[in-house]
Amino acid sequence: MPAGTLYRGREGMWSWVAHRVTGVLIFFFLFVHVLDTALVRVSPEAYDDTVAIYKTPLVNLMEYGLVAAILFHALNGLRVIAVDFWSKGAKYQKQMLWTVMGVWIVLMAGAFYPVLQHTLRTLFGS
Amino acid sequence: MSTTETTGTSEPTDDVALFDVDHPAPVIEPPRARTAKTPKSTRGNFEMYGWLFMRLSGIVLVVLVLGHLLIQLVLDGGVSKVGFAFVAGRWASPFWQVWDLAMLWLAMLHGANGLRTVINDYAERDNTRFWLKWLLYAATVFTVLLGTLVIFTFDPNIR
Ligand code: HEM
Ligand code: HEM
């Protein structure tokens, strides 16, 4: 635990925690992802066999989670940039966070079928 | 709280000017001012450039990564179509090669610099911090080089 933190909870801190957690998650995914993509240099079969894992229901669901993490990190990242560079950014940081969450929910709802269609179609037929 | 002005009733001492053009007030040096005797700063602006890079790369990554996810997971049947043949089709175009190369370098450097901050925050022992960062830099250099090599040496007729 970091010593003597001054944070007192509330939106500003929780959005920071979520930004940090999602950033670290995406980085670990990217590390694995470059490794799996490198299999195209081994053989088409090695690559296709590995990509088949991406098409299993559980991993497909995790992809939806990855989309959730990246969308939050991207939208909240833009909010952080606005807080730093826009003269009124700090004043409206809370409103911007609610905007971020609103846009996030809309995009997540829109991404549900496209991202999970592979699983939905294999589980429930076309 | 009163903000009333006292008008016209100046104190007797105000009449005697302590300093004038011929008797200027002594110059008080501002605290911590840099003078000829101040040692040269041994720090560069590394952290400031790191801070700026996180923001500039972040803006570019919004387009690169969200575009990538749209193509890979949303359009044209979602993840179903991904496979060797699909990758061969995409990397036949220099546009997507450059896209992926930029995404690889920016996301890796952005993520690695972010993780460096996280390590600095939580690893309190000097030794732990040193080794965790060494591991981070090694993994980052390895991943960036491997990914770059894969893009440049991709061979659709490997078999
Ligand atoms: C589960 C979701 C994802 C899928 C299905 C996917 C799929 C792919 C595929 C098929 C390629 C091969 C080249 C191409 O078609 O462009 C690729 C390459 C790449 N992807 Fe993704 N991707 C996903 C998520 C991500 C994310 C979130 C990032 C960034 C944080 C990312 C970064 C990259 C990079 C840097 C490359 C180039 C790899 C190399 O240089 O070898 N991908 N991805
Ligand atoms: C999609 C567009 C992205 C935007 C707009 C963005 C924006 C930002 C910004 C502005 C920061 C600095 C936060 C601060 O100083 O408080 C940051 C931190 C970070 N980002 Fe991103 N980022 C993006 C994508 C990524 C990706 C793809 C990764 C992983 C490879 C990543 C990993 C991180 C990490 C680990 C941190 C450090 C978090 C912390 O110190 O708490 N980001 N991001």
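The paragraphs below walk through the metal sites, a pocket, the salt bridges and a few single residues of this predicted model.

A good place to begin is the iron atom of ligand 1. Two histidines coordinate this iron through their NE2 atoms, His33(A) and His68(B), at 2.0 Å. The two residues belong to separate chains: His33(A) sits in helix 1 of chain A, which covers residues 10-38, while His68(B) sits in helix 1 of chain B, which covers residues 46-74. Around the iron atom of ligand 1 there are six donor atoms, and because the angles they subtend run from 85 to 179°, the arrangement is octahedral. The surroundings of the two histidines can be described through their accessibility. His33(A) has a relative accessibility of 22% and therefore counts as partly exposed. His68(B), with a relative accessible area of 15%, is buried, since the cut-off for that class is under 20%.

The iron atom of ligand 2 can be read in a similar way. Its protein donors are the NE2 atoms of His73(A) and His110(B), which lie 2.0 Å from the metal. Here too the pair joins two chains, because His73(A) is part of helix 3 of chain A and His110(B) is part of helix 3 of chain B. Six donor atoms surround the iron atom of ligand 2 at angles of 86 to 179°, so this arrangement is octahedral. As for accessibility, both His73(A) and His110(B) are buried.

Attention can now turn to empty space. Rolling a probe the size of a water molecule over the atoms reveals where such space remains. The second largest pocket has a volume of about 340 Å³. Its lining consists of 13 residues, and those nearest the centre are Phe29(A), Val59(A), Met62(A), Glu63(A) and Leu66(A). Three elements of chain A each supply two or more residues to this lining: helix 1, helix 2 (44-54) and helix 3 (57-85). Which helix gives the most to the lining of the second largest pocket? That is helix 3 of chain A, with six residues. Sorted by class, the lining of this pocket is made up of nine nonpolar, two polar and two charged residues.

Next come the salt bridges, of which there are four over all chains. One of them pairs the side chains of Arg55(B) and Asp84(A), with a distance of 2.7 Å from N to O. This contact crosses between chains, running from helix 1 of chain B, where Arg55(B) is found, to helix 3 of chain A, where Asp84(A) is found. The two partners fall into separate accessibility classes. Arg55(B) has a relative accessible area of 14% and is therefore buried, whereas Asp84(A), at 35%, is partly exposed.

Another salt bridge links Arg116(B) with Glu47(B), whose closest N and O atoms are 3.1 Å apart. Arg116(B) is in helix 3 of chain B (residues 94-122) and Glu47(B) is in helix 1 of chain B, so this pair ties together parts that are 69 residues apart in sequence. With a relative accessibility of 9%, Arg116(B) counts as buried. Glu47(B), by contrast, has a relative accessibility of 49% and counts as partly exposed.

A salt bridge is also formed by Arg129(B) and Asp126(B), with 2.6 Å between the closest N and O atoms. These two residues are three apart in helix 4 of chain B (residues 126-153), so about one helical turn separates them. Arg129(B) is partly exposed, having a relative accessible area of 22%. Asp126(B) has a relative accessible area of 58% and is therefore exposed, as the class begins over 50%.

Two single residues of chain B round off the picture. Asp76(B) has a positive phi of about 55° although it is not a glycine. Where does Asp76(B) have its place? This residue belongs to the loop between helix 1 and helix 2 (84-90) of chain B. At 64% relative accessibility, Asp76(B) counts as exposed. Gly67(B), on the other hand, has its place in helix 1 of chain B and is buried, with a relative accessible area of 17%. Between Gly67(B) and Ala123(B) there are 35 Å in space, C-alpha to C-alpha, and the two are 56 residues apart in sequence.

How values were computed
Residues numbered from 1 in each chain as written. Chains lettered and ligands numbered in written order. Predicted model: local features only at pLDDT ≥ 70, side-chain atom pairs only at ≥ 80, totals over all residues. Heavy atoms only, no water. Donors = N, O, S within 2.8 Å, 3.2 Å for Na, K, Ca; no water. Tetrahedral: all angles 85-135°; square planar, octahedral: opposite > 155°, others 65-115°. Helix = DSSP H or I, 4+ residues; strand = E, 2+ residues; numbered from the N terminus. Buried < 20%, exposed > 50% of the residue type's maximum accessible area, 1.4 Å probe, protein only. 1 Å grid on protein atoms, 1.4 Å probe; cavity = no way out; pocket = protein on both sides within 12 Å on 5 of 7 lines; lining within 4 Å. Points joined across faces, edges and corners; volume = space filled by probe spheres on them. Nonpolar A, V, L, I, M, F, W, Y, C, P; charged D, E, K, R; others polar.
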